[in-house]
Amino acid sequence: MGGTDAKDILGLPKTPLSLTQEKKSRPQKESHRKPDGISREVYALTGGVAPLMPSIDVTQLKRPPPPDEKVAWQWLPVKSSARKDDLQLYHWVRVVNDVPPTGDYSFAKYNKSVDVLKYTDDEYENHLTDPVWTKEETDQLFELCERFDLRFTVIADRFPLSRTLEELKDRYYSVTRALLRARAQSPSELANHPLIKQPILVFFWRKHLSKYYFSISGHKQEPYDMTRDRERKRALSMVLSQSRHQEKKDAEILAEAKRITEMRLAARRAAEPDVPANENIGSVSPSSNSQLPATAVAPSTLTMADYASTLASLRMLHVYLRTYGLEQMVQAASSAVGLRTIKRVEQTLQDLGVNLKPKVPTKTVCDEHLELRKEILTLLNLQKQLQYKESEGSSHREGTYGAMPDTPKDRVFASEPFGFGGTFLLSPSFQNFMYYFTISNLQGVCLSVFTAERPIKKEPKRKGPGRQSDTPSPAHKRPRKLKASDL
Amino acid sequence: MEDSHVERFSASTPKPRIGIDGGDDNKNWRRRVNGVEVSVPIVCGSIAFFRGKKAKEYRTHNWTVYVRGATNEDLGAVIRKVIFHLHPSFKSPTRVVDSPPFTLSECGWGEFKIDITIFFHADACERKLELSHLLKLNPEIYSGPQSPNVPVVTESYNEIVFPDPFECFLSRVINHPAVHVSKLPEGLNLPPPGDAGDESYYKMKKGDTKDHPLSHWFSKFSEADELFRLTATRQKVQADIAELKRQLVMVDAQPEQF
């Protein structure tokens, strides 16, 4: 056995019962010693750790029986309070000193049943009549309920007339409730009945402690509502029967919605929590946000919403500093763009000699500042677009050389700037790895070496000999330093 | 007094463009005027003098921190009190100034951030406004030992904005020199300002800072320069945008030429 091997290795004695002496000589073993009376392997099965509270008195387990007790096992008849018939059953009983054990059958206490109410005919006439249900049906229902302990699926199955499960439930609960109300001596005993509890309790709490009643009443019970039950079951079956594809789509839509609400929330971060999101923009003074750049290349309706919600949140403050207001609007404007773009805007402002935070923030100055920022954003967007279009355009032009069938999916810029400012395009669709020589009309041959992890074709801008481009693309005019950050 | 307000309102013609704040019947005389903005240009700053020969180890500078109107007008019509939160090393560092001019003078040696809380009159706004100012005692660039006659002045311009002000507030301050009111909508009938039982509105004591002993150190803030620069820059950027658009159109057209 493994245990003995381990003990061998450790050079320890092999008998498990002599543990008490070995406690100190086994520091590598778990800090808690295994209890006496059970072997180590059995102890290890339970996790090898002493329980927080001793569940069994382990010393009892292997104790020899007390010598004065005489134990015998006898085949004796059983009397169980759970049984209502007279069936006589027998079982083995541990008899000590010829005295059989007393008391009820030990499992009789588990025979629980539901308290289904029984009504008299009078009660039925007075309180329980229903247009849809006859007395016979109701009687049958109640008999089944008693027999099957309110297991409605079984009851519905066995009900002689065709009724849906929800109808049966509804009838049972409404009858019971009406019966309870009719029989009640005083309202107080009703208040504690599980079927009636909720309506009364809620009313009371609402009057005095409207905020707290949910937490105090604990488990909330509502009277059975047939339509709600049907809806719930339908919804459950729908969820269960969703295909995996649908699940994925749902998850995507939820993530998207969450993202949008978070963006909106970020725009209104400083506002009070009860800001209405759909303020009427027209009522705000016209100069503040009427001139959104109509030429925005990437118009995002999200930005409009951001401005509106920021304005609304500012109005909710009732008083604010102009600089604070400007900060909020700038944040709203930058919420839709990345950090890199924000830095570029600020760099541009500095290059143009404009203070990032106006020194004299009057209303007109702040408005102008905001508009300037928006225009710079537009400018940067346009620049990016132009770069992209150019590279696309040059790839189209090179199509005649049989190399490039479609627009490149990605672009990587070579590390060295090239004299004529051409862009390099790579298409992942090609497996060949080729070198191209570029010949410009003014400069010498530039050789560009490009290495990549996967074989990519490099497509530089080419001009055929003797062909002058009439309208050189702007890229030629201004040698552009290509940076990865341009992407 | 409240009754007279109510009477006046019920007798007047329905006003366009005035929103009811909260719909609370008790306060229907505190209606807000939508689309109007009340702004109060202020300057928050500090002036610090080196004490020269009288300077001791812990009392090297006499300084004054203040919140003043940008054109030195009396802010008492809008501001009820200003609390300057000084560094905890000062005795009772929470200094309350409850009448204009809102200035505080002290003597010390250290530079620190002063938190300023501004409280307004009840009809203007019930919320307070927080700002902060960094007290500077020493000049940015060391240019020899400090002269006790030339102070270090740090001022920053700002504006307190009240969007959608209350009618009563608007009517009270609409002609006040310290207050700018944006263009009022057509057909707006403001009630005449009633006597607002609070006498602090019409304090006889002068609250403006025009003749303050330090007033000749105050800077004048003019939006003209900044505005000029901004509009010029905008024009340049707009021109660049137009140019880029033109180029974009050309680039789009180019592939068809081949």
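Chain A of this predicted model averages a pLDDT of 71, and 60% of its residues score at least 70, so let me start with where that confidence lies. Within chain A, the mean is highest in strand 3, residues 320–321, at 93, and lowest in helix 10, residues 213–217, at 40. Around that helix, residues 199–220 of chain A stay under 50, and for this stretch the model has eight contacts beyond four places in sequence. A further stretch of chain A, residues 462–477, also has a pLDDT below 50, and there the model shows 24 contacts beyond near neighbours in sequence.

With that in mind, I turn to chain B, and in particular to strand 3, residues 37–50, which is mostly covered, given that 13 of its 14 residues are buried. What does this strand pair with? Strand 3 of chain B runs antiparallel to strand 10 of chain B, residues 152–163, and twelve bridges join the two; if you would like a place to look, find Ile47(B), which stands opposite Val153(B) of strand 10. Strand 3 of chain B also pairs with strand 4 of chain B, residues 61–69, again in the antiparallel sense, over nine bridges, and there Ala48(B) has Trp63(B) as its bridge partner. There is also an antiparallel pairing of strand 3 with strand 11 of chain B, residues 180–181, made by two bridges, in which Ser39(B) is partnered by His180(B).

Now to the interface between the two chains, to which chain B gives 45 residues and chain A gives 48 residues. The size of an interface is often given as the accessible area lost when the parts come together. For chain B and chain A that buried area is about 4,400 Å², with carbon and sulfur atoms giving 62% of it.

As for polar interactions, there are six salt bridges between chain B and chain A, and the count of residue pairs in polar contact, with both residues at pLDDT 80 or more, is 18. One salt bridge that you can find on screen joins the side chains of Glu37(B) and Lys363(A), at 3.8 Å from N to O, and Glu37(B) brings us back to strand 3 of chain B, which spans residues 37–50.

Which elements of chain B give two or more residues to the side that touches chain A? They are strand 3, strand 9 (129–134), strand 10 and helix 3 (223–253) of chain B, and the largest share, 19 residues, comes from helix 3 of chain B.

How values were computed: Residues are numbered from 1 along each chain as its sequence is written. Chains are lettered from A and ligands numbered from 1 in the order in which they are written. Side-chain values use heavy atoms; hydrogens and water are left out. Buried means under 20% relative accessible area, exposed over 50%, partly exposed in between (1.4 Å probe, protein chains only). Helices (H or I, at least four residues) and strands (E, at least two) are DSSP runs, numbered from the N terminus. Two strands pair if DSSP finds at least two bridges between them. pLDDT is the predictor's confidence in each residue, from 0 to 100. Contact means heavy atoms within 4.5 Å. Buried area is the accessible area (1.4 Å probe) that two parts lose on being put together, summed over both. A salt bridge is a side-chain nitrogen of Lys or Arg within 4 Å of a carboxyl oxygen of Asp or Glu. A polar contact is a pair of N or O atoms within 3.5 Å; within protein, one must be able to donate a hydrogen and the other to accept it, and residues adjacent in sequence count only if both atoms are side-chain atoms.
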